[in-house]
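Reader: I should like to work through a protein structure by question and answer. Could the structure be shown before we begin?

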Amino acid sequence: MTSLPRFRDFRSIVFFTGAGLSAESGIPTYRGRGGVWHAYDFREYACQRAFERDPDKVWTFHERRREVAAAAAPNEGHRIIAAVQAAMPATAIVTQNIDGLHQCAGGARVIELHGSLWRVRCDREGKRREDWTVPLASRRCPCGAAYRPDIVWFGDPLGVETFGEASRAITACDLFVSVGTSGLVTPAADLPLLAARGGAVCVEIDPEETPVSGWYRHHLRGPALEMLPLLRG
Ligand code: NAD
């Protein structure tokens with residue numbers, strides 16, 4: 001069995017995180033048992049067409065998710081990742097999560113591929129602002145148009161700059177550690193291939209096998225909180 005990589009043996013690390021990391025903070029994943037998409041049809045709650053059809057229904061769904069995220073605290077996995085980054089500032093965090101827990105744990109340079117529950121965007125002007133109030137201070141922009149959550153919904157394109165920044169960090173890294181992502185939805189799911197082709201040592205932390213497991217050299221089949229410490233060496 002090949003020995004596990006240790007963080008200290010690398011110069012540039014990327015952590016690629018998904019809902020499985022936040023599951024340990026009590027935030028439901030999307031597709032696993034009790035997943036969000038089992039309880040809600042994303043076509044009714046997480047796409048622009050649903051928002052234009054019934055903005056209040058979409059906001060009520062997202063206000064509930066803000067409540068859940070606001071009640072959650074970063075877990076040891078978030079803290080380990082933030083500590084590695086503090087010791088090795090070239091480390092980047094590329095996350096699909098929208099809960100802000102990496103930042104709450106002290107993570108810097110967090111590249112949020114899917115946006116954030118804690119930002120809103122004017123549906124007319126496109127202007128963004130942070131809003132951590134629960135419930136939201138106002139669902140309307142001063143211009144009179146509705147605010148929408150600044151989240152990448154199904155059918156939305158990923159931000160070109162955000163995806164470009166993530167791709168550059170991943171191409172340059174020599175250790176790529178994915179934590180708790182199902183690898184089911186592109187283009188996020190293509191990022192492990194980019195890391196493997198860039199020559200990085202790739203580690204997948206997930207209790208389950210995923211459609212992209214083949215791109216990884218190491219597979220740690222267990223919960224993030226038990227598996228991440230194994231890489232501290
Ligand atoms: P997901 O629910 O699809 O996958 C979660 C993964 O975490 C699974 O592979 C599961 O086996 C694993 N897991 C469960 N418990 C774990 C634990 N304790 N430790 C480690 N791993 C654990 O979530 P995802 O992969 O983040 O998202 C997939 C898609 O969902 C995104 O590409 C996007 O389409 C949509 N989405 C996600 C978010 C988000 O907040 N992650 C936001 C918007 C859209």
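Author: The questions below go from single elements to the ligand and then to the backbone. This is a predicted model, in which local features need pLDDT of at least 70 and side-chain atom pairs count only at pLDDT 80 or more, while totals for chains, interfaces and linings use all residues. Residues are numbered from 1 along each chain as its sequence is written, and side-chain values use heavy atoms, with hydrogens and water left out.

Reader: How far apart are the end C-alpha atoms of helix α5?

Author: Helices (H or I, at least four residues) and strands (E, at least two) are DSSP runs, numbered from the N terminus. The expected span of a helix is 1.5 Å times one less than its number of residues. Helix α5 holds 17 residues, 55-71, and should therefore span 24 Å. The model agrees, for the end C-alpha atoms lie apart by 24 Å.

Reader: Against which elements do the buried residues of α5 pack?

Author: Buried means under 20% relative accessible area, exposed over 50%, and partly exposed in between (1.4 Å probe, protein chains only). In α5 the buried residues are V58, W59, F61, H62, E63, R65, R66 and A69. Contact means heavy atoms within 4.5 Å. The buried residues of α5 pack against α2 (36-39), α3 (42-45), α4 (48-53), β4 (115-122) and β6 (147-151).

Reader: Why is strand β8 described as largely enclosed?

Author: From β8, V201, V203 and I205 point one way, whereas C202 and E204 point the other way. Both sets are buried. Strand β8 (residues 201-205) is largely enclosed by the rest of the structure because the number of its five residues that are buried is five.

Reader: Which residue of β8 is the bridge partner of L175?

Author: Two strands pair if DSSP finds at least two bridges between them. Strand β7 (residues 175-179) pairs with β8 in the parallel sense over five bridges. For L175, the bridge partner in β8 is V201.

Reader: Is E112 buried or exposed?

Author: E112 belongs to strand β3 (residues 110-112). Leaving aside neighbours within four places in sequence, E112 is in contact with T95, Q103, R119 and T162. Because its relative accessible area is 13%, E112 counts as buried.

Reader: How much of the area of the ligand does the protein bury?

Author: The ligand is surrounded by 21 residues (each with a heavy atom within 4 Å of it), the closest being E24, Y30, T181, S182 and D206. An oxygen atom of the ligand lies 2.7 Å from an N or O atom in the side chain of S182, and one lies 2.6 Å from such an atom in the side chain of D206. Accessible areas come from the Shrake-Rupley method with a 1.4 Å probe; for residues, only the protein chains shown count as cover. Taken alone the ligand exposes 830 Å², and the share that the protein buries is 89%.

Reader: Which residue is joined to P135 by a cis peptide bond?

Author: Most peptide bonds are trans. P135 lies in the loop between β5 and β6, and the bond there has an omega of about 0°. The residue joined to P135 by this cis bond is V134.

Reader: What is the phi of R109?

Author: R109 lies in the loop between α7 (101-104) and β3. At 40% relative accessibility, R109 counts as partly exposed. Most residues other than glycine have a negative phi. R109 is not a glycine, yet its phi is positive, at about 45°.

Definitions and conventions:
A polar contact is a pair of N or O atoms within 3.5 Å; within protein, one must be able to donate a hydrogen and the other to accept it, and residues adjacent in sequence count only if both atoms are side-chain atoms.
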